[in-house]
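Colleague: I have a structure open and would like to go through it with you. Could you take my questions one at a time?
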Amino acid sequence: MTSGTAVLVDVDWLRDRLHEVIVLDATVDRRTGPDGSTDFVSGLQLHTERRVPGAHFADLIAGFSDPAAPFLFTCPSASRIEAYARRLGIRDTSTVVLYDRLTGAWAARVWWVLRTAGITRVRVLNGGLTAWEAAHLPVTDGREPPPAPGDVVARPAREGFVDLERMKRIADGDDPTPAVCALRRTEYLGDRDRPRSGHIPRSTGLPYADLLGPDNTLSRERTARLARAHGLRAGDGTVLYCGGAVNAAGLALALHEIGIDDVLLYDGSLAEWRADPALPLTIGPEDDNGRSPELT
């Protein structure tokens, strides 16, 4: 599959090919504590409670992230991606279909990680488990037996990410590359009473959630309309970010489907940016010239 090939597939497509593809559940369990804090843990328990028949669990946290990195969901090395993909039974000839049980952003993040290692025979189920169940298709519980080891090879691929130094240049105005935050509008705007909230200077906001329709599905028509309104276009090399480069991956997938396929992700996203108190954050919207009216 080339980078220009559609990645999203619908539930009918998967139903008809269920026994021909490798199905992976990329769900992450997001838990909110009594104090409002958020914790992300393996979605394995959720997977075993209810899943697409034949699906294996793809652990984004422990398998497709770097455990030694200071920030959750950091992309691992190509060798680590290859090793975990093989554990999941992925072969060079395999077609992989990813899904999750929320908005599709977790599945999109695994798609992006695999893509950075040149593993591109990967699709994402549009609407994930929500759409599958809405179509009254069967689900099961428990875990599948471990698959036979795969032989997929990680190959050199184009860069998928930008680093902190590049984002500093964008925020300073020294790099004119457009940058877009994929968090919800309230998170993008921030709150002056909440320390280290807001967005990276000189970035605009296009929430991934705004692209979602019924059953958490993406449509090319809705994405194209919002992308036009936002001024997004192919050829700009737009940088996408969010809290941990997960919703940003969802936005990247949606844009891929309408031919805007040259975006990059800021992998550290706000988790890294906010961790340095010397780096500024903008409260409120950017003005028409991309200037920040209020920095914290």
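Modeller: Certainly; please bear in mind that this is a predicted model. A good place to begin is a pair of residues in the sheet: Asp 25 has Tyr 99 of strand 6 as its bridge partner.

Colleague: Which strands does that pairing belong to, and how many bridges are there?

Modeller: Strand 2, residues 22-25, pairs with strand 6, residues 96-99, in the parallel sense, and four bridges join them. Within strand 6, Leu 98 is the residue opposite Leu 24.

Colleague: What does strand 6 pair with in the parallel sense over three bridges?

Modeller: That partner is strand 7, residues 122-125. Here Leu 98 has Val 124 as its bridge partner. Strand 6 and strand 7 also belong, with helix 4, to a right-handed β-α-β unit.

Colleague: And the sheet as a whole, what is the strand order?

Modeller: The order is 1-7-6-2-5, in an open sheet of five strands with parallel pairing. Strand 1 (8-9) and strand 5 (56-57) are at the edges; each has a single partner strand, so one side of each lacks a neighbour in the sheet.

Colleague: Back to strand 6: which of its residues are buried on each side?

Modeller: Val 96 and Leu 98 are buried on one side, and Val 97 and Tyr 99 on the other, so both faces of the strand are covered. The arrangement follows a general pattern: side chains in a regular strand alternate between the two faces of the sheet.

Colleague: Which residues touch the most other members of the largest nonpolar core?

Modeller: They are Phe 64, Leu 98, Met 167, Leu 240, Tyr 266 and Trp 273, in a core of 74 residues. Helix 4, residues 105-116, supplies the largest share of this core, with nine residues. Apart from it there is another core of 16 residues, including Leu 18, Tyr 99, Leu 125 and Leu 129.

Colleague: What is Met 167 in contact with, beyond its neighbours within four places in sequence?

Modeller: Its contacts are Val 162, Ala 179, Ile 200, Val 239, Tyr 266 and Trp 273.

Colleague: Changing topic, what is the volume of the largest pocket?

Modeller: Its volume is about 890 Å³. The lining comprises 29 residues, and those nearest the centre are Arg 30, Phe 40, Leu 183, Gly 243 and Asn 247.

Colleague: Which elements give two or more residues to that lining?

Modeller: Strand 4 (38-42), helix 4 and helix 10 (269-275) do so. Helix 4 is thus a link between our topics, as it also gives nine residues to the largest nonpolar core.

Methods: Residues numbered from 1 in each chain as written. Predicted model: local features only at pLDDT ≥ 70, side-chain atom pairs only at ≥ 80, totals over all residues. Heavy atoms only, no water. Pairing = 2+ DSSP bridges. Core = buried A, V, L, I, M, F, W, Y, C linked by side-chain atoms within 4.5 Å. Buried < 20%, exposed > 50% of the residue type's maximum accessible area, 1.4 Å probe, protein only. Contact = heavy atoms within 4.5 Å. Right-handed = clockwise from strand over helix to strand, strands pointing away. 1 Å grid on protein atoms, 1.4 Å probe; cavity = no way out; pocket = protein on both sides within 12 Å on 5 of 7 lines; lining within 4 Å. Points joined across faces, edges and corners; volume = space filled by probe spheres on them.
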